[in-house]
Amino acid sequence: MTVITHLINGETPVAAGRSVPVYNPATGEAIRQVELASRATVQQAIDAAKAALPAWRELPPAKRAQVLFRFKQLLEENEEQIVTLISEEHGKTREDAAGELKRGIENVEYATAAPELLKGEFSRNAGPGIDSWSDFHAVGVVAGITPFNFPAMVPLWMYPLAIACGNTFILKPSERDPSSTLLIASLFQQAGLPKGVLNVVNGDKEAVDALLESPDVKAISFVGSTPVAEYIYSEGTKRGKRVQALGGAKNHAVVMPDADLDNAVNALMGAAYGSCGERCMAISVAVCIGDAVADALVDKLVPRIQALKIGAGTECGLDMGPLVTAAHRDKVSGYVDDGVNVGAELVVDGRALKISGHENGFFLGGCLFDRVTPEMRIYKEEIFGPVLCVVRAKSLEEAIALINAHEYGNGTCIFTRDGEAARQFGNEIEAGMVGVNVPLPVPVAFHSFGGWKRSLFGDLHAYGPDGVRFYTRRKTITQRWPKAQSQEAAQFAFPSQR
Ligand code: NAD
């Protein structure tokens, strides 16, 4: 069986250490092994990134951007193969995998603007005969640690921009679906990236800890679950590193009495069940304002959930594939059991779903709970599966208070035709990304992505303008060229212009 290894200093080493299976979740079969990097292997990647740094950060940004232009072209030319690998190891549908790749490519496009993004600021005559400018310098060797649910897009949130800013990079992707991530990194190499600028180490906690403990790694971008995000943030900042750690979510959609209900239902179907609910921006709670809205919404959702086309994501024309692993399927199914036990009304039960020809796949049908209340675990915790909970509220104010009391604050949205309600929601809601009649308000590449509360640890959001700030250090130079032989008296008072 093929053993996937790493990309270190432009080379793919032969497998030598511990490894774990990578599954095709649609069949339940182990299709490859992936090596888990030892501390020594991670150190090789750090050494390679360190050695590549001086030349890369001195290269003019426009030259760095040229490599990114070629990388973007190779990503487009290799779309079929990338999509197949994502779908085969993650389980998501081909169409969904293609969508994630396209959003990733948009981040590469943004990073090609490095010469403009790094231009800096200049003040002539900041003081008498004094000019001053600020510009943005690479941080150094930077690491990224990414989750299983977007094996192409989330790494592409990070390293194209970090590298465009003159840093060198070590990526530690998810060990559950590593193949597309490694292929994409090798395409960057093929595009002309010098060896050692981008390194990929597959692995688990051992590899992550080696990155956290290395004094040579100056900054870490993390995307994954909240407990691990919190660990990375505290361990990294404790050692003086710059850290942005994006965590889990529980995203609510408010459905107002004046909402266009058919549009809201279409939007909720995609946002709750797309990618089997394994998205950090998935909608997992619908807060209906008034019982009439809740009854009508549930009536419309039930037949749609029962009609979901579910199968192996590698086949075309499906709505939903399997969950990523058997353990994750069992965890999600356990949440459904728990909801039933505590009295939530399970209106659609997907637990018994079997897909003919894929009996060993990690499938779970769409589930819908009504009359969910805030003290239930299915409301409080991130389920990360195809489970939508309907909560009934009496007013928009009650819905806002409910959402603001939740520990997570990643994304949220409101369905309404009332501009006043939408504006109030946008102003008062405590979440980092807000949609108005947009169920998945994932910011485009030239904005930045991030949640509030326990959905993000750190100050700067991912990619876009915040990404440029995260991957650079500001330097301000103040200069003066006194006329030759001009004698100036020593000044002991603090210089000012007043
Ligand atoms: P995860 O936290 O289990 O893993 C993320 C990464 O951390 C992986 O590379 C993994 O190998 C590593 N890791 C896991 N356990 C670790 C440990 N104990 N110590 C050090 N490293 C460890 O997350 P996942 O299951 O791969 O992804 C799903 C989670 O990611 C969900 O909670 C989802 O909401 C979140 N997510 C968040 C965003 C966001 O932008 N906020 C985006 C995508 C996914």
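Arg103 sits at 28% relative accessibility, so it counts as partly exposed, falling between the 20% and 50% cut-offs. Its salt-bridge partner is Glu106, with the closest N and O atoms 3.6 Å apart. Glu106 is partly exposed too, at a relative accessible area of 30%. Both residues belong to helix H4, where they are three residues apart, about one turn of the helix. Keep in mind throughout that this is a predicted model.

**More salt bridges**

The structure holds 34 salt bridges in total. Here are a few of them, side by side.

| Pair | Closest N to O distance |
|---|---|
| Arg103 and Glu106 | 3.6 Å |
| Arg474 and Glu121 | 3.0 Å |
| Arg239 and Glu235 | 3.0 Å |
| Asp96 and Arg279 | 2.9 Å |

Take Arg474 and Glu121, whose side chains meet at 3.0 Å. Arg474 is in strand S21 (residues 472-480) and Glu121 is in strand S4 (residues 121-127), so this pair ties together parts of the protein that are 353 residues apart in sequence. How accessible are the two partners? Arg474 has a relative accessible area of 47%, which makes it partly exposed. Glu121 comes in at 42% and is also partly exposed.

The pair Arg239 and Glu235 is a bit of a mixed case. Arg239 is partly exposed at 35% relative accessibility, whereas Glu235, at 17%, falls under the 20% cut-off and therefore counts as buried.

Salt bridges can also join up into something bigger than a pair. Asp291, Asp295, Asp370 and Arg392 are linked in a network of them.

**Where the two domains meet**

The domain assignment splits the protein into domain 1 (3-247 + 455-477) and domain 2 (251-436). Domain 1 is thus given as two stretches of sequence, written as 3-247 and 455-477. The contact between the domains takes 22 residues from domain 1 and 26 residues from domain 2. As for spacing, the C-alpha centres of the two domains lie 31 Å apart.

How much area is buried between domain 1 and domain 2? The figure is about 2000 Å², and carbon and sulfur atoms give 60% of that.

On the polar side, 10 residue pairs are in polar contact between domain 1 and domain 2, counting pairs with both residues at pLDDT 80 or more. Helix H3 (79-90) and helix H4 (94-111) each supply at least two residues of the side of domain 1 that touches domain 2. Which of them gives the most to that side? The answer is H3, with five residues. Sorted by type, the residues on this side of domain 1 come out as five nonpolar, 10 polar and seven charged.

The rule finds one salt bridge across the interface of domain 1 and domain 2. In the table above, the Asp96 and Arg279 pair has its side chains meeting at 2.9 Å, N to O.

**A look at Ser87**

Ser87 is worth pulling up on your screen. Its place is in helix H3. Is Ser87 buried or exposed? At 2% relative accessibility, Ser87 counts as buried, since the cut-off is under 20%. The Ser87 side chain reaches the backbone oxygen of Gly313 at 3.2 Å. Leaving aside residues up to four places away in sequence, Ser87 touches Lys92, Thr93, Arg94, Gly313 and Thr314.

**Two residues with positive phi**

Which backbone feature stands out at Asn9? Asn9 has a positive phi of about 55 degrees although it is not a glycine. Asn9 lies in the loop between strand S1 (3-4) and strand S2 (19-24), and is partly exposed with a relative accessible area of 35%.

Ser275 also has a positive phi of about 55 degrees, and it is not a glycine either. You'll find Ser275 in the loop between helix H10 (261-273) and strand S12 (283-289). Ser275 counts as buried, because its relative accessibility is 6%.

Conventions
Residues are numbered from 1 along each chain as its sequence is written. This is a predicted model: local features need pLDDT of at least 70, side-chain atom pairs count only at pLDDT 80 or more; totals for chains, interfaces and linings use all residues. Side-chain values use heavy atoms; hydrogens and water are left out. Domain bounds come from an automatic or database domain assignment. Contact means heavy atoms within 4.5 Å. Buried area is the accessible area (1.4 Å probe) that two parts lose on being put together, summed over both. A salt bridge is a side-chain nitrogen of Lys or Arg within 4 Å of a carboxyl oxygen of Asp or Glu. A polar contact is a pair of N or O atoms within 3.5 Å; within protein, one must be able to donate a hydrogen and the other to accept it, and residues adjacent in sequence count only if both atoms are side-chain atoms. Helices (H or I, at least four residues) and strands (E, at least two) are DSSP runs, numbered from the N terminus. Ala, Val, Leu, Ile, Met, Phe, Trp, Tyr, Cys and Pro count as nonpolar, Asp, Glu, Lys and Arg as charged, and the others, Gly among them, as polar. Buried means under 20% relative accessible area, exposed over 50%, partly exposed in between (1.4 Å probe, protein chains only).
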